[in-house]
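Work through the exercises below with the model open. Try each task before reading its solution.

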Amino acid sequence: MQEYLLQMKNITKEFPGVKALSNVSLNVKKGEIHALVGENGAGKSTLIKILCGVYPYGSYGGQIILHGEEKQFHSIKTVEDAGIACIHQELNLVPELSISENIFLNSKPSKYGIVNFDEMFKRTAKLLKEIGLESDSGVCVNPNDKIKNLGIGHKQLVEIAKALSTNAQLLILDEPTAALSEAEAEILLNILDGLRKKGVTCIYISHKLDEVMRICDTITVLRDGQTIETREKINMSKDTMITLMVGRELKNMFPRVPHTRGDVSFEIRHYSVHHPDIPGRMLLKGVNIKAYRGEILGIIGLVGAGRTELFTAIYGAFNAPAVGEVYIDGKKVDIKSPIDALKSGLFLLSEDRKKLGLNLIMSIKENVILSSFDKVSSLGVINNDQAVSEANKYIQDLKIKTPSVEALVNTLSGGNQQKVVISKGLMMGPKVMILDEPTRGIDVGAKYEIYKIMNQLVDEGVTIIMISSEMEEILGMSDRIITMSNGMVTGEFDVCEATQERLMHASAGRAG
């Protein structure tokens, strides 16, 4: 008989008007890395919140069996006491505290109420060594280093060390590499591989299917709140996984269509940006870029290349001095704020849609019209019927899945939230759209829909500049590709001449 560390049987969860999970089952073997995959809205997060105690026993139907015994988790604390540790995509760390203080936040070694900081330091050092937490230069991270001074990759590893400090036997990782570079992601995957060899069991949730195929032993697919299938990895191809996730075959993940390149519609000349914290240091140095009407221009570079900083500065939203010239349709524009950018016909979709792209407690309708009140109002009074009509138009055109224009944005899946941000931009009637990581954290089906929207916009005369960390996406959707490294442009390629090797060499600042 197969030994399962965890079994979730016939889990059912309902919210008002929505059945999020319907008799979902998950069987996780001891010592394996078990992938949980599915589109946004498939029920992954709801299932994990039940397992992590966010939704306590009594608020759902079904059974949770751990080590052969049925468990009734009434709180997050009871879950942690049972040896389960959850590492969420949005990290739960205190920036102003040190690594050791974060790891032992709720369990400081002490005697008679006095914290033994030397013991805490030693335990932290041991944990950091266990997970190989080192910087790229090989210098060990110090337990007394503050969290705010660490990169996102190291913060993710501190979360794992924090989980291991509780002697967790089951690690749940929700999109652990969403914000990591390829190099940081590889380090994390190697650490998980080492933990597996030590007998630690993991549930791994990710939209990055190549990572799933690389690290996981078993894969469970959810769709529309139901368990579709569980297979061992050796019996599951990436294409099969996608078909099971979306319920149909996607013959081409990147729907490339021929584009006819027109005149230059957007140009950056001799653009430089100062470092916001270090006087005299430049983040970007003399950048020159042209984008043409009728093309998708891809921008790629390693972490620290300056891609996001460049376009955030151009958009008037970066907190540091910048010099240089920006032209739209051959006319020089003076952009000092995002309002100036929008008036000039430039729209930026931020890589962090939740913090910088949306108001999560507002409705779809309110978010769509947020930057275009003048188009749905008269004498400062919003015409609600017109606002509803505009929002419904984008819901229909962009296939946003929602029960109503009045639905709050925080109730939507990641892919549908992204479509709302794009709708907000389209309502402005932009000439140029800068899409920074447009498909980060969204599922394969939603990615495909976003790509089709991009093609449609190009056909309508909008210039698309796509910043992405995913090599396949850049090669799959771009007509032309520019590489950046250390604040400078290091290469320019037509897609027909671009290869992963050439792009990597140029992104690392080397000729190739």
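A polar contact is a pair of N or O atoms within 3.5 Å; within protein, one atom must be able to donate a hydrogen and the other to accept it. Keep in mind that this model is predicted.

**Exercise 1.** Find what holds between domain 1 and domain 3: how many salt bridges, and how many residue pairs in polar contact?

Solution.
1. Locate the parts. Domain 1 covers 1-83 + 168-251, and domain 3 covers 294-321 + 335-508.
2. Count the contact residues. Domain 1 gives 16 and domain 3 gives 16.
3. Take the area. The two domains bury about 1200 Å² between them, with 55% of it on carbon and sulfur atoms.
4. Count salt bridges. There is one between these domains.
5. Identify a salt bridge. Glu 472 pairs with Lys 238, and their closest N and O atoms are 3.8 Å apart.
6. Count polar contacts. The rule finds zero residue pairs across this interface, with both residues at pLDDT 80 or more.

**Exercise 2.** Which helix gives the most residues to the side of domain 1 that touches domain 3?

Solution.
1. List the candidates. Helix H7 (209-215) and helix H8 (238-246) each supply at least two residues there.
2. Choose. H8 gives the most, with four residues.

**Exercise 3.** Trace the open sheet of four strands and state its order.

Solution.
1. Read the order: E14-E13-E16-E17, with antiparallel pairing.
2. Mark the edges. These are E14 (282-292) and E17 (331-333).
3. Note the twist. It averages 15° from one strand to the next.
4. Check one pairing. E13 (264-274) and E16 (322-328) share six bridges. Glu 267 has Tyr 327 in E16 as its bridge partner.
5. Add the helix. H9 (307-314) packs on the sheet and touches E13, E14 and E16.

Methods. Residues are numbered from 1 along each chain as its sequence is written. This is a predicted model: local features need pLDDT of at least 70, side-chain atom pairs count only at pLDDT 80 or more; totals for chains, interfaces and linings use all residues. Side-chain values use heavy atoms; hydrogens and water are left out. Two strands pair if DSSP finds at least two bridges between them. Axes are lines fitted to C-alpha atoms, for helices over the stretch in contact, and angles run from 0 to 180 degrees between N-to-C directions. Contact means heavy atoms within 4.5 Å. Domain bounds come from an automatic or database domain assignment. Buried area is the accessible area (1.4 Å probe) that two parts lose on being put together, summed over both. A salt bridge is a side-chain nitrogen of Lys or Arg within 4 Å of a carboxyl oxygen of Asp or Glu. A polar contact is a pair of N or O atoms within 3.5 Å; within protein, one must be able to donate a hydrogen and the other to accept it, and residues adjacent in sequence count only if both atoms are side-chain atoms.
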